[in-house]
Every structure is written in structure tokens, then in C-alpha cells.
Amino acid sequence: MKRKAIILDYMREKRWPYLLGFALLSISCLMQLLIPDILGRFTDLLEQSRLTLEDAGTYALWLLAVAVGVALFRSMGRIYLYRLSRMLEMRIRNNLFSHWEKLSAQYFNNQRIGDLMSHAISDVSVIREVTMNGIFNIMEALVLITFTVVTMVSAVNGWLTLLTMLPLPLLSILAYRFNKRIQQQSSDMQIAVSNMTSRVQEFIAGIRVVKAFVQEKAERKHFTRDNQYAVEMNRRFVRSNSLFGALSTGIVGLSFLISVVLGGVLVLNGTITLGEFVAFNTYLSLIMGPIENLGKVVNQVQRGIASEKRLLSILETEPEVVDDIAAKPDIGQLEGRIDIRNLTFHYPEAKEPSLKNINLTVPRGTSLAIVGRVGSGKSTLVHLLVRLYNPPQGTVFIDGHDIHEIPLRTLRGQIGIVPQDQFLFSTTIRDNISFDPNPYTENEVEDAAKLAQVYENIAEFPNRFDTALGERGISLSGGQRQRVSIARALIKKPSILIFDDSLSAVDTITEDLILEGLNSVMNDRTTIIIGHRISSVKSADQIVVLEEGAIAERGTHEELLQLQGLYADLYHKQMLDEEAERFPEPSDGSEIRAAERDIAAAGEQLAGTKPAVPLSRPQVLRGGANG
Ligand SMILES: Nc1ncnc2c1ncn2[C@@H]1O[C@H](COP(=O)(O)OP(=O)(O)OP(=O)(O)O)[C@@H](O)[C@H]1O
């Protein structure tokens with residue numbers, strides 16, 4: 001649905017509650033008009049020496065009653081209007097969150113977290129301010145100024161009113177002149193704050209890298225620069241705001257000066273009474289606040305428009321990956337046969353395709369392993385299977401259905417993916433494992449953890465499955481995190497299970513245990529394993545080697561070895577490395593040096609890079625094909 005205006009649409013929808021708030025405020029404004037009148041009458045009686053003690057008491061009681069009434073209705077109106085704007089704030093945040101949920105992975109690739117946080121916090125708060133204080137001030141100003149001016153004309157003097165009001169149009173001209181500048185500065189200020197937020201967020205997420213590379217000083221320098229810039233932007237904004245505030249106060253003061261001078265002359269020549277003069281100046285002081293506030297409201301509204309524009313640009317971003325019109329809701333259980341036909345895929349704005357003419361069939365219940373260098377397109381291929389990105393129509397099929405025909409919920413609900421980035425939420429291990437719309441029993445959570453070979457680790461934690469994880473599961477080791485994310489995919493008992501380089505952080509013995517365990521549950525299910533270790537891919541029913549987005553080799557482990565290509569090179573390199581490890585201290589070192597030369601040569605050939613130092617085992621195993 002296209003949204004035209006967040007604030008106006010909301011006010012239109014809540015017009016009756018807003019009218020009620022307006023009515024409460026109007027009553028308080030009208031009651032305020034009684035105060036100058038009471039003071040005027042009191043002054044006239046005093047001047048004519050006709051004031052009795054009883055009159056004084058009555059006037060005092062009236063003033064008290066009016067003050068209580070004004071306070072009561074004004075605060076009721078304020079509370080009421082504030083509640084409406086808090087509800088709008090909550091609604092925008094919810095809409096923003098659910099809209100973000102619909103947007104594609106590509107959208108988030110192009111955004112910085114700081115910008116998103118700034119939209120969620122600053123922009124929404126600015127809108128709340130506009131609808132809270134802004135609308136309150138506009139309503140109060142409209143009612144109070146209109147009624148007061150009418151009373152000033154009818155009850156005191158038309159000319160005096162006209163002349164004292166004369167400087168006020170200057171306020172509108174001033175607001176117009178400041179309009180663009182303040183809006184631009186508000187946006188610069190928000191960008192500066194979001195730059196700073198992004199830097200802090202990135203610094204905290206990468207704290208270990210920063211420390212390991214001794215980059216604290218450099219990071220501090222960058223942060224100080226961003227911080228100074230944010231303060232400077234804020235200063236510019238405050239300077240313009242203050243200048244505007246000062247000039248508008250000056251204009252209001254000028255009108256007060258005219259009132260005192262001209263009003264004094266009118267009293268002296270007997271055109272108005274002293275009581276009317278006092279009442280007139282009290283009327284004027286009543287509208288001074290609202291007139292000043294009008295100036296502020298102009299600023300608030302300007303900032304609100306800028307924030308509304310930014311929020312609308314997010315809320316109007318069309319989600320790229322949605323259920324197609326062709327989606328068939330009756331597609332239920334998937335069996336897991338995968339067919340990929342002539343798949344060529346470009347990321348938006350990428351010059352080169354990341355996948356080129358892929359043709360592949362994975363029968364139900366079989367396993368496919370994908371190996372290849374860094375950036376050869378392995379993750380892209382599996383991301384297309386879960387439609388994190390949209391493959392072209394007619395290229396990817398599951399059980400014979402084009403995946404565009406399979407409702408997203410069905411598709412993703414039946415594919416268990418263990419992503420390369422084993423992101424865990426800052427909640428308990430149990431919640432991380434059972435992260436699925438379906439509820440799971442304690443036994444199911446434990447079974448998944450057992451299959452993923454992480455049960456024993458969890459059982460050793462004092463709170464077992466209730467152990468809370470820090471941000472990104474910081475209290476777990478890399479291997480433990482990887483296994484918890486494996487358990488999270490296994491618990492769904494998916495028709496298709498995908499490991500995107502997800503066994504890299506576990507040792508080979510644990511890897512064997514995980515793969516063995518999987519055999520028992522994956523009988524009828526299809527498995528795709530992306531890996532760099534031969535040990536994790538060699539028993540797959542078919543193995544494909546990707547090279548620059550295209551399938552360079554395919555076959556079983558034995559077939560690929562016979563082919564003597566990239567796969568065989570990777571295998572020999574890893575074998576050599578294992579040999580080197582088995583004979584750590586040869587008599588004169590010549591064997592290990594020879595092995596190291598072979599490994600380095602294989603590494604260069606496969607990864608296209610020249611290792612600066614002889615490779616150690618883990619480097620070879622994980623860095624061979626992926627450089
Ligand atoms: N969101 C994206 N937008 C544009 N290009 C992308 C995007 N994601 C990946 N690429 C590019 O697509 C190509 C394939 O990337 P992909 O992540 O699929 O490689 P990979 O084989 O999984 O690498 P690795 O072994 O490092 O995981 C690379 O050239 C990469 O730079």
C-alpha cells in the first residue's frame with residue numbers, strides 16, 4: 001500500500017480523538033481569556049476607589065477558580081494528545097520493523113546499521129515531537145490567538161490591536177527564510193549521528209579484530225573525528241535555531257512595546273480606561289507564548305517533514321522477494337528433489353554474473369557437495385535455493401515446481417540452512433536451537449543438540465540449555481557456535497539441509513561424528529554441503545567444483561580424483577599436509593621442506609595467491625581451495 005503522509009493520515013484516522021483533545025484545549029484557552037477581564041475590572045474598581053474587601057475576595061476566588069479550570073483542561077488535553085502521539089510512535093516503529101522483515105537480503109547489504117537505527121529512533125522521535133508538542137502548540141496558538149485578538153478588538157480597541165499585531169507577519173517571513181537551512185541542518189545532524197552510531201556498532205562487533213591488529217588508537221581517532229563532526233553539525237543546528245528564537249522573541253517584544261506606548265497614550269487621552277489598558281497588556285502577554293511557540297512549531301514541522309520523508313522512503317521500498325502471483329498455496333510437504341536449469345544469476349548492479357549456466361540435478365534423499373575457491377559462487381547458489389535473492393524464473397525447481405511457485409513460508413520452512421555466518425541471538429541456547437515458528441519439546445531440542453555434537457558442551461554449562469548467550473553468542477567458542485547453528489537447522493527435520501561451509505570450525509573427529517549422525521536422520525532428505533575440506537565432502541553422492549561461477553568439474557570423489565583437475569589438486573595438497581603432520585620431525589628436515597614446497601605450489605595453483613610462509617595444517621586445509 002502506498003502511503004502519502006504518515007502524520008496527516010494518522011490525524012485523519014484519529015480525527016475524533018484529536019477533536020476531543022482540541023475541545024479540551026479550547027475550553028482551557030477560553031477560560032484563560034477570563035483572566036485579563038477580571039484584572040481589568042479589578043483595576044477599574046481600584047482606580048475609582050470603589051473596591052470593597054468583599055469584591056477583592058470575590059475577584060481572588062474567580063482568579064483561583066479560573067486558574068484551576070485552565071490547569072485542569074489544559075493538562076487533560078495535553079495528556080490526551082500526548083497519548084495519541086505515543087500510539088503513533090509505537091505504530092510507526094512496529095510498521096518499520098515488520099517492513100524491514102519483508103525486505104530482501106540485498107536491501108540490508110546496501111544499508112548501514114547506524115542509518116537503520118537512526119531511522120528507528122531519531123526519525124520516529126521527531127515525528128512524535130511534531131504530533132505531541134507541535135500539534136498541541138498549533139492548536140493552542142490557533143484558539144488562543146484567534147479568541148484573544150477578537151476580544152482585544154471588541155473589548156478594548158481595534159486600532160491598538162491592529163498596530164500591536166503589525167510586526168507579527170515578520171514572524172512568517174522569518175520562518176520562511178529559516179525553513180530550508182534548518183531542514184538541511186537537521187538532516188546533516190542526523191547523518192552525522194548515524195555515522196557515529198555505525199562506527200560504534202562496527203567497533204563493538206569487531207572489537208577482537210581491533211585489538212588483535214592494535215588499532216585502538218586509529219579507531220579512537222576516527223571516532224573522535226566523527227564525534228566532533230556530529231557536535232559541529234549540532235552546533236550549526238542550535239545556532240540557527242537560537243537565532244530564529246531570538247529574532248522571533250524580538251518581534252514579539254516590539255509588538256509589546258507598541259502596546260505599552262500607544263496604550264499609555266490612549267489611557268491618557270481617555271479613549272480607554274486603565275483597567276482596559278491592563279486587560280489589553282494581559283491579553284497580549286497571553287498570546288506571546290503561543291506566538292513564540294508558533295515559531296518553534298515551524299521548526300518542529302520542518303524537521304518532522306524531513307523525518308517523514310526518510311521514513312516514507314523506507315516504508316515505500318517494495319520488498320523484492322515476496323510470494324509470486326504464480327505461488328501455489330496448495331504446495332505442502334516438499335520431498336527435496338532439486339533441479340537447476342541454465343541458471344545464470346547477476347546480483348543487482350553487479351557487472352559480471354556470479355553464477356553462469358548452472359545445470360544440476362540432486363535427486364531426493366541424495367547429497368551434493370560444492371567446493372570451489374573464494375567467491376566462486378557457492379553461497380550464492382544456496383541462497384537462491386531459499387530465495388534470499390530471486391533466481392530468474394524457470395531456472396530453479398524443487399520437486400518439479402519452479403521455486404517461484406512455492407510459497408516462501410513453505411519453501412523456507414522445509415529447508416534447513418546452516419549459514420556461513422553462524423549468527424546466534426542474545427538469548428538462551430534453547431531459544432536459539434528452537435528458532436522456528438513451530439514449538440519444540442525439551443527432548444527435540446536435546447536430540448538436535450546431540451546430533452550436532454554440542455549436547456555435551458551444553459550439559460557442562462551450569463544453566464545447560466538456559467544458558468544466555470552474549471551478543472552474537474560470544475560466550476561460545478567458534479566450533480560450539482557452529483554446532484548450535486547446526487542444531488537449529490536440524491531440529492526442523494527439513495526436507496533439504498544445507499551446510500554453507502559450516503563444519504570449518506569443528507575438528508575432523510567431530511566433523512565425522514556430525515556427518516555420521518546425519519546419515520541416520522537424512523535418509524529421505526536431501527543434503528547440500530559446501531566445504532573446503534575433502535573430508536567433509538568426499539562421501540557425497542555427487543560433488544561439483546565451481547570456478548568463477550560455472551561448474552568446472554562434477555562427479556563422485558573417485559571420479560574427480562581420476563579427472564586430475566582442481567579437485568584432485570585440492571585432495572593431494574590436503575594429503576600432503578596430513579603427511580607432513582604425521583612426520584613432524586624428519587631426520588634432516590628435507591622431507592618436510594619438500595612437502596612444504598609442494599603444498600605452497602599447490603596452494604598457489606589452486607588459490608592463485610603466493611603464500612608468504614610455508615603453510616601450516618589448518619591454513620592448508622581451510623585455505624587451499626579458498627585461497
Ligand atoms: N550481495 C552481493 N552483491 C553483489 N555481489 C555479490 C553479493 N554477494 C556475493 N557477491 C559476489 O558474488 C560472487 C560469489 O560470491 P559467493 O559468496 O557466492 O562466493 P562463495 O563461493 O560462497 O565464497 P566463499 O567461499 O568465500 O564463501 C563473488 O564475486 C561475490 O563478490
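Reader: Which helix gives the largest share of the shell around the ligand?

Author: That is α12, which supplies three residues of the shell. Do keep in mind that this is a predicted model. Helix α12 spans 378–385, and α5 (105–109) also supplies at least two residues of the shell.

Reader: Which residues come nearest to the ligand?

Author: Tyr347, Ser354, Lys378, Ser379 and Thr380 do, out of 16 residues around the ligand. To be counted as near, a residue needs its C-beta atom within 6 Å of the molecule.

Reader: What makes up the shell in terms of nonpolar, polar and charged residues?

Author: Eleven of its residues are polar, three are nonpolar and two are charged. The classes follow residue type: Lys counts as charged, for example, and Tyr as nonpolar.

Reader: Happy with that. Now, why is Asn342 called exposed?

Author: A residue is exposed if 12 or fewer other C-beta atoms lie within 10 Å of its own. Asn342 has 11 such neighbours, so it counts as exposed. This residue sits in strand β1, which covers residues 338–345. Its phi is positive, about 45°, although Asn342 is not a glycine.

Reader: And how do you know whether Gln564 is buried or exposed?

Author: By the same kind of count: the limit for exposed is 12 or fewer, and Gln564 has 10 other C-beta atoms within 10 Å, so it is exposed. Gln564 is found in a loop, between α20 (557–563) and α21 (566–582). Here too the residue is not a glycine, yet phi is positive, at about 60°.

Reader: Let's turn to the helices. Why is α3 called roughly antiparallel to α4?

Author: Helix α3 (residues 34–47) and helix α4 (residues 53–102) pack at an angle of about 170°, and their axes are 10 Å apart. Angles over 145 degrees count as roughly antiparallel, so α3 is roughly antiparallel to α4. The crossing of α3 past α4 is left-handed.

Reader: Which residues does UniProt list as "transmembrane region"?

Author: The unreviewed UniProt entry lists 16–39, 59–81, 135–153, 159–179 and 243–268 under that name. Such annotations may be inferred rather than shown by experiment.

Reader: What does the model show for residues 16–39?

Author: That span is 96% helix and 0% strand, with its end C-alpha atoms 36 Å apart.

Reader: And what about residues 243–268?

Author: There the span is 100% helix and 0% strand, and the end C-alpha atoms lie 37 Å apart.

Note on methods. Residues numbered from 1 in each chain as written. Predicted model: local features only at pLDDT ≥ 70, side-chain atom pairs only at ≥ 80, totals over all residues. Helix = DSSP H or I, 4+ residues; strand = E, 2+ residues; numbered from the N terminus. Buried ≥ 20, exposed ≤ 12 C-beta atoms within 10 Å, placed from the backbone. Axes fitted to C-alpha atoms, helices over the stretch in contact; angles between N-to-C directions. Parallel < 35°, antiparallel > 145°, perpendicular 65-115°, else oblique. Left-handed = near helix turned anticlockwise from the far one by under 90°.
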